[in-house]
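User: Could you take a close look at one helix for me and walk me through what surrounds it? I'd like a connected account that I can follow with the model open beside me.

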Amino acid sequence: WLSRQNRFRLSGELIRDQYLAAAGTLNLQVGGRSFRPPLPPGAKAIQFVNKWAEDKGQELHRRGLYIHLQRNLMLPMLMTFDRPDGIVTCTGRERSNTPLQALTLLNGSIFVDAARQLGQQMARGDGSLSEKIRLVYLRTLSREPSDFEAQRVHGLHVKLSKLFEGDREAATQLTSGLELKGRSVEEMAAWVTLARTLLNLDEVITRE
């Protein structure tokens, strides 16, 4: 029966949870009040929202089930991933595939932070490069890489390391706020970028 299941993209809430879980930062608290995530600049003015007290800390890493929703405010990230508004009845969500979704996953603050946290853990972890690549695949895709994939990712890591060695300023900006703990800025930046690459694979946001 599992082999005959439909293949479709996850909902916006579950994609968010997927990223946080891969980064190891998902807050699994059950119950309690909903939380208000940060809004992009200008969102309040466009949607006529005057009172929106953003939460801080671990509250922002709670599951998407607990995102505070109100009818006069649509969160841009959820809108991008086809969450219906609260004004009319919806019997079934649409599932689109747009360039804006890819840009959101690549540049959205919650997604960039997840990649930074995952990259930091990989850079500071023990083991060889091959072992770390295997682990990051298990964290992001729940499977081990094929030999071809492992070789491609290994080559990407080497290229990224050389790239950041030649641009230390970019490496410093990308890793700002992360704890190096004996690792170089260039190595940390290479792992963060590698994590961003794997997290932006279509397989991460698709139910296979």
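The request and the reply below concern helix α5 and its surroundings.

User: Please focus on α5: which of its residues are buried, and which helices do those residues pack against?

Analyst: Happy to! Please keep in mind that this is a predicted model.

Let's start with the helix itself. Helix α5 covers residues 109-124. With its 16 residues, α5 reaches 22 Å from its first C-alpha to its last, which is close to the 22 Å expected at 1.5 Å a residue. The buried residues of α5 are I110, F111, V112, A114, A115, R116, L118, G119, Q120, M122 and A123. As for their partners, these buried residues pack against α1, α3, α4, α6, α8 and α9. In sequence terms, α6 covers 129-141, α1 runs over residues 12-23, and α9 spans 185-199.

Next comes the nonpolar interior. The largest nonpolar core has 48 residues, and I15 and Y19 touch the most other members. At least two residues of this core come from each of α1, α3, α5, α6, α7, α8 and α9. The biggest contribution is from α9, which gives the most to this core with 10 residues. Y19 also brings us straight back to your helix: leaving out residues up to four places away in sequence, Y19 touches F111 and A114, along with L105, L199, N200, V204 and I205. Both F111 and A114 are among the buried residues of α5.

Another contact to α5 comes from T25, in the loop between α1 and α2. T25 counts as buried because its relative accessibility is 15%, and the cut-off for buried is under 20%. Setting aside neighbours within four places in sequence, T25 is in contact with Q117, and also with L20, Q58 and H61.

Now let's follow the helix to R124. R124 lies in helix α5 and pairs with E179, which sits in the loop between α8 and α9. The two form a salt bridge whose closest N and O atoms are 3.9 Å apart. That falls inside the 4 Å limit for a salt bridge, so the pair counts, and it joins parts of the chain 55 residues apart. Neither partner is buried: R124 counts as partly exposed at 29% relative accessibility, and E179 also counts as partly exposed, at 44%.

The loop that carries E179 also holds L180. Not counting residues up to four places away in sequence, L180 touches R124, V185 and M188. The C-alpha atoms of L180 and A123 are separated by 8.4 Å, although these residues are 57 apart along the chain. L180 counts as partly exposed because its relative accessibility is 28%. R124 therefore has both a salt bridge to E179 and a contact with L180.

Going back to residues 109 and 110, we meet the largest pocket, with a volume of about 550 Å³. Its lining is made of 22 residues, and S109 and I110 are among those nearest its centre, together with P37, P38 and M77. Each of α3, α4 and α5 supplies at least two residues of this lining, and α5 gives the most, with four residues. One residue of α4 to look at is P99. P99 is exposed, with a relative accessible area of 66%, and its C-alpha atom is separated by 9.9 Å from that of T80, 19 residues away along the chain.

Last, let me set the R124 pair beside other salt bridges. A search of the whole structure finds 12 salt bridges. One of them joins R93 and E13, with the closest N and O atoms 3.0 Å apart. This pair also links distant parts of the chain, 80 residues apart, with R93 in the loop between α3 and α4 and E13 in helix α1. R93 counts as partly exposed at 35% relative accessibility, whereas E13 counts as buried at 14%. R83 joins them, as E13, R83 and R93 are linked in a network of salt bridges. Another example is R143 with E149, where the closest N and O atoms are 2.9 Å apart; R143 counts as partly exposed at 25% relative accessibility.

To bring it together, α5 has buried residues that pack against α1, α3, α4, α6, α8 and α9, gives four residues to the lining of the largest pocket, and holds R124, the salt-bridge partner of E179.

Technical notes. Residues are numbered from 1 along each chain as its sequence is written. This is a predicted model: local features need pLDDT of at least 70, side-chain atom pairs count only at pLDDT 80 or more; totals for chains, interfaces and linings use all residues. Side-chain values use heavy atoms; hydrogens and water are left out. A salt bridge is a side-chain nitrogen of Lys or Arg within 4 Å of a carboxyl oxygen of Asp or Glu. Buried means under 20% relative accessible area, exposed over 50%, partly exposed in between (1.4 Å probe, protein chains only). The expected span of a helix is 1.5 Å times one less than its number of residues. Contact means heavy atoms within 4.5 Å. A nonpolar core is a set of buried Ala, Val, Leu, Ile, Met, Phe, Trp, Tyr and Cys residues joined through side-chain atoms within 4.5 Å. On a 1 Å grid over the protein atoms alone, a cavity is a set of points where a 1.4 Å probe fits but cannot get out, and a pocket is an open set with protein on both sides within 12 Å along at least five of seven lines; lining residues have an atom within 4 Å of a point. Grid points are joined across faces, edges and corners, and a volume is the space filled by probe spheres set on the points.
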